[in-house]
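Open the structure in your viewer and keep the selection tool ready. Two stops follow.

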Amino acid sequence: MEYRKNIKNGDKLSSLGYGCMRYTKKGGKFDTAKAEREMARGIELGINYFDTAYTYRGCEELLGNFLAKGYRDKVYIATKLPHYQVKSLADAERIFQEELSRLQTDYIDYYLIHMLTDIKAWRRLESLGVQTWLEDLKKSGRIRNLGFSYHGGTQGFIDIVDAYDWDFTQIQFNYMDEHSQAGRKGLDYAHDRGLPVMIMEPLRGGRLSRDLPGAAREVFKKARPERSPAEWGLRWLWNEEKVTVVLSGMNDISQVEENCAVASATLPGSLTPEELSLYEEVREIIERSVRVPCTGCGYCLPCPQNVDIPNCFRCYNASYSDDLFTGLKEYFMVTTLRTDRSNAGLCIECGKCRRHCPQGIDIPAELKNLRRRLENPVYKIGAAVAKKIVKF
């Protein structure tokens with residue numbers, strides 16, 4: 001495993017961090033034994049940074065139970081305060097104490113204000129006294145490093161960086177988001193001000209690995225057949241010396257082992273000019289095929305009408321990147337051929353999802369576009385038959 005130094009305090013952090021949001025579920029519940037085997041293997045291979053959040057339902061508890069089995073002193077824990085749930089200082093204290101309890105620890109190594117969207121959100125917290133409260137937690141040692149995670153534009157990111165003496169930050173960054181979100185300009189700005197930068201959504205929730213269009217796969221495969229699309233995506237990030245930790249939401253032993261192997265073999269500046277040019281070609285292919293830039297993060301859930309928004313958009317995009325039949329078939333299987341349907345047609349356009357989307361997607365409008373394409377006459381006939389089959 002390659003380790004990169006926290007340029008602010010000297011911590012040696014594994015270049016690959018474990019994103020604790022995508023644990024495998026079985027029968028609607030976490031497959032705890034499987035998740036623990038995967039995390040144990042990650043630690044064995046050198047991962048020492050584990051990232052979770054208060055709003056990742058059940059994930060803090062799962063991680064806490066695992067670390068209590070003798071792993072706590074081997075890792076740095078990162079978790080997050082959901083500022084949008086903080087209406088008073090008492091709310092912040094209650095949430096923090098609950099996180100300590102869930103994680104079975106008395107301190108947090110890397111604590112983030114979760115999903116700050118603009119400077120106004122931070123100013124609101126300041127007005128509640130949250131800044132002073134956080135500084136007191138740092139002085140007492142219950143928080144070791146204070147940072148924020150961010151989804152939004154470059155200027156908004158710069159404004160927040162300048163608003164406080166942060167210890168680190170976390171941004172969405174990958175070869176498709178080089179010039180969106182905080183982007184390369186944001187990465188450079190934070191690094192130049194001495195902030196370690198943690199990376200989330202390195203593969204856009206898997207969209208740059210399992211859902212990569214066939215033509216894009218061929219570009220990578222022709223150049224280096226032995227590399228998977230996931231490896232190409234991660235190598236692009238580790239090629240950047242200003243990147244400290246790249247988070248990956250791994251939920252299979254093979255993913256853990258592959259990602260650790262790549263992390264161990266990839267140093268800053270290791271990609272050749274020829275290899276870097278391939279990403280431009282792949283970007284152009286993806287931009288032609290992707291209709292909705294959903295990363296599958298799940299912040300839009302639960303939907304009051306039970307619409308499975310991330311899966312709906314995954315199938316919608318597949319109907320363009322692959323073909324209409326493939327997207328329609330997948331959509332039918334994952335949303336309609338089930339006891340409790342979760343298709344886009346259930347949407348009543350309440351707008352709750354739109355308020356929580358880190359990508360700023362107008363979800364109700366895009367679901368309407370999806371319905372026009374996928375919930376066509378063929379789908380409606382199949383849905384009527386499926387209803388009888390499921391009932392039977």
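The tour begins at a strand and ends at a pocket.

This is a predicted model: local features need pLDDT of at least 70, side-chain atom pairs count only at pLDDT 80 or more, and totals for chains, interfaces and linings use all residues. Residues are numbered from 1 along each chain as its sequence is written, and side-chain values use heavy atoms, with hydrogens and water left out.

**Stop 1: strand E9**

Select residues 143–150, strand E9. Strands here are DSSP E runs of at least two residues, and helices are H or I runs of at least four, numbered from the N terminus. Seven of the eight residues in E9 are buried (under 20% relative accessible area, 1.4 Å probe, protein chains only).

Add strand E8, residues 108–116. E8 and E9 pair in the parallel sense over six bridges; pairing takes at least two DSSP bridges. Find Tyr110, opposite Asn145 in E9.

Now add strand E10, residues 168–172. E10 pairs with E9, also parallel, over four bridges. Here Phe148 stands opposite Thr169. Trace the chain from E9 through helix H6 (residues 154–163) to E10: this β-α-β crossover is right-handed (with the strands pointing away from the viewer, the path from the first strand over the helix to the second runs clockwise).

**Stop 2: the second largest pocket**

Select Arg207, Asp211, Val290, Asn317 and Ser321. Of the 20 lining residues, these lie nearest the centre of the second largest pocket. A pocket is an open set of 1 Å grid points, over the protein atoms alone, where a 1.4 Å probe fits, with protein on both sides within 12 Å along at least five of seven lines; lining residues have an atom within 4 Å of a point.

Show helix H12 (309–321) and helix H11 (273–289); each supplies at least two lining residues. H12 gives the most, with four.

Key: Buried means under 20% relative accessible area, exposed over 50%, partly exposed in between (1.4 Å probe, protein chains only).
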